[in-house]
Amino acid sequence: QKQSITVRICSWNVGTLQPGEERVNQLRRWLTPEGEDGADIIAVGLQEIVKLTGNALFVHESSVESKVWEDRLSQVIAGRGDYSVVVSRQYVGVYHFVAVRKEL
């Protein structure tokens, strides 16, 4: 049986800034707009989550910065449903986050 799903994909160059209240509010507006149910699949790509130095090249999967972004993204989508984070990975200055509704 076919089932429709909704997917929300966002990309953002955060310019090495951490997710303060203003950025979290922006994420909330993008990922969980007023009057809409949360998407079934949410994918976010962030660029420049760390300052690109020689040491940044040695980060394999995560950094303190990516953990902070994962926490904030998870908090934002938690208000719209029960999600499982299936991807949370950093590649040098790029961070990928994918969450899927648990009922899928």
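This passage describes the sheet, the helices, the nonpolar core and one buried arginine of a predicted model. Local features need pLDDT of at least 70, side-chain atom pairs count only at pLDDT 80 or more, and totals for chains, interfaces and linings use all residues. Residues are numbered from 1 along each chain as its sequence is written, and side-chain values use heavy atoms, with hydrogens and water left out.

The sheet is open and holds 4 strands. Their order is 1-2-4-3, and the pairing is mixed. Strands here are DSSP runs of E with at least two residues; helices are runs of H or I with at least four; both are numbered from the N terminus. Two strands pair if DSSP finds at least two bridges between them. Strand 1 and strand 3 (83-91) are the edge strands, and each pairs on one side only. Neighbouring strands are turned by 10 degrees against each other on average, direction ignored. Strand 3 and strand 4 run antiparallel and are joined by 8 bridges. Ser-84 has Val-100 of strand 4 as its bridge partner.

Two helices lie across strands of this model. Helix 1 crosses strand 1 and strand 2, at about 150 degrees to strand 1. Helix 2 lies across strand 1, strand 2, strand 3 and strand 4, and runs at about 30 degrees to strand 4. Axes are lines fitted to C-alpha atoms, for helices over the stretch in contact; angles run from 0 to 180 degrees between N-to-C directions.

The largest nonpolar core has 20 residues. Such a core is a set of buried Ala, Val, Leu, Ile, Met, Phe, Trp, Tyr and Cys residues joined through side-chain atoms within 4.5 Å. At least two residues each come from strand 1 (7-13), helix 1 (21-31), strand 2 (41-47), helix 2 (64-78) and strand 4 (94-101). Helix 2 gives the most, with 4 residues. Leu-31, Leu-46 and Trp-69 have the most contacts inside the core. Beyond four places in sequence, Leu-46 is in contact (heavy atoms within 4.5 Å) with Trp-12, Val-14, Trp-69, Gly-93, Val-94 and Tyr-95.

Arg-101 lies in strand 4. Arg-101 counts as buried because its relative accessibility is 10%; buried means under 20% relative accessible area, exposed over 50%, partly exposed in between (1.4 Å probe, protein chains only). A polar atom of the Arg-101 side chain lies 2.7 Å from the backbone oxygen of Gly-38. For the backbone oxygen of Arg-80, the distance to a polar atom of that side chain is 3.2 Å. Not counting residues up to four places away in sequence, Arg-101 touches residues including Asp-37, Asp-40 and Asp-82.

Methods:
Polar contact = N/O pair within 3.5 Å; in protein donor to acceptor, adjacent residues only side chain to side chain.
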